[in-house]
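Trainee: Got a minute to walk me through this one? I'd like to start with the sheet.

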Amino acid sequence: MVHQSDKLWVRMIRAKYCPLALGDFLFGENKNGSFLSNSICKARDSLKDGFVFRVGNGASSIWYDSWLHVGPLWKMVPFIQIHDTDLRIRDLVAGQQWSLDDIRTDIPQQAKDCILHGRVPKLNASLHDVWVWDINPVGIYTVRSGYDWLKERSEASPINPPHANWSWIWKLKIPENIKLLVWLIAHDSVLTNGLRARRGLTTNGTCSRCCREEETVMHCFRDCGEARNIWHLSGLWSCCSDFASITDPVLWIRMGNSQNSALFFASLWWIWRAKNAMCIDHLKIPIPTVMNSINNLYSLIKNELNPVPAASSPQRWVKWENPPAGFIAVNVDGSCFDNPGPAGFGGLLRDDLGKWLLGFSGHIGISYNLHAEIEAIRNRLEVAWNYGARRVICYSDSLEALRLVGKDPGVYHRMA
Ligand SMILES: [Zn+2]
């Protein structure tokens, strides 16, 4: 909806539910409406912090266009002084810093802080002011980048319970059907008799194999007689002191995974298969047959899904070479202490004999790695030009920066 406004479905939904400019849609109020409208607003509220306003020509009105995360400024002031009515974003940029001195209207401190803490834009008359998705360099929202960003924020949140992150299950090097079983166990969603009784599917939650106690997940997979025999025969029962006593299924699986992962999951799978054969098909699989199947599955997981990595590729040595006669070689590099973080760049010029001509370095402020690389290239080409060089070969270690310099990055790119 943000970056593909010409699509028919976007036009239809925006015409019906949010006939507003994009900024007003991103930071507008949530009007109680239909299920679809509420769902759109819910997704918007989760994602809007990932958008930033990329100033191009600075022609947006500081009052009536939404360009701040606090919403449109006109809503935050009792009235706008007549001298301020036509103020544009470009009127607030004075060289390398924001200047709010010309605003006569009394704007709240929250809005001032929001402006002053934002990056000072470099005005570019050929670009419009747009909201861009700040999570990927191209600036265009994708479902994948949105999902990854939300997941990262969720995992970093201190209010989440310790089991909120399940990505470790899907990263296990085991067959997909076993991953699904592990996920069901971790969510207490395996259809044991205990769960069936809780859901009203049966009146008796007792284990149908031993008839001794309620069939919980831990009873089904570890404590029932036959399961216990299998863990003893596989040697995992005594692999660590807590294996037989731990009660949390997630901690128990993570413990098994940390001991002998392939054997643990092969045993878990065949305990489940043998249990179903008995309870559903009324077929008793002999223990030696179960152990043989576990052994086959163990070999499959061990050898095919977790192969020993091949020897690393041979080292390749590279060295600086003189540019062709008459050319000047420009080597540049940019870097950040974090991303974003304090950024700088440097480089040097050498002639076709390899002789050092001059060096340079600079500080950018708080920015991104890619920005530092691009600034390094731009700045160094300027220096080479002023030095009188007209035939230049520029070397950078950032393929993305070179790609962006060589072609149009698109209107939403945050480095445009
Ligand atoms: Zn039992």
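Mentor: Sure! An open sheet of four strands has the order 7-6-5-8, with mixed pairing. Strands here are DSSP runs (E, at least two residues; helices are H or I, at least four), numbered from the N terminus, and two strands pair if DSSP finds at least two bridges between them.

Trainee: Which are the edge strands?

Mentor: Strand 7 (356-367) and strand 8 (392-395), each pairing on one side only.

Trainee: What should I know about the model itself?

Mentor: This is a predicted model: local features need pLDDT of at least 70, side-chain atom pairs count only at pLDDT 80 or more, and totals for chains, interfaces and linings use all residues. Residues are numbered from 1 along each chain as its sequence is written.

Trainee: Back to the sheet: how many bridges join strand 5 to strand 6?

Mentor: Eight, between residues 328-336 and residues 341-350, and the two strands run antiparallel. Cysteine 336 has alanine 343 in strand 6 as its bridge partner.

Trainee: And which strands does helix 13 touch?

Mentor: Helix 13 (residues 369-387) packs on the sheet, touching strand 5, strand 6, strand 7 and strand 8. Touching is judged by contact: C-beta atoms, placed from the backbone, within 7 Å.

Trainee: New topic: is strand 4 buried or exposed?

Mentor: Val130 and Val132 on one side and Trp131 and Trp133 on the other are all buried, where buried means 20 or more other C-beta atoms within 10 Å of a residue's own (exposed is 12 or fewer, partly exposed in between).

Trainee: What does strand 4 pair with?

Mentor: Strand 1 (residues 51-54), in the antiparallel sense over four bridges. Tryptophan 131 is the bridge partner of phenylalanine 53.

Notes: Contact = placed C-beta atoms within 7 Å. Axes fitted to C-alpha atoms, helices over the stretch in contact; angles between N-to-C directions.
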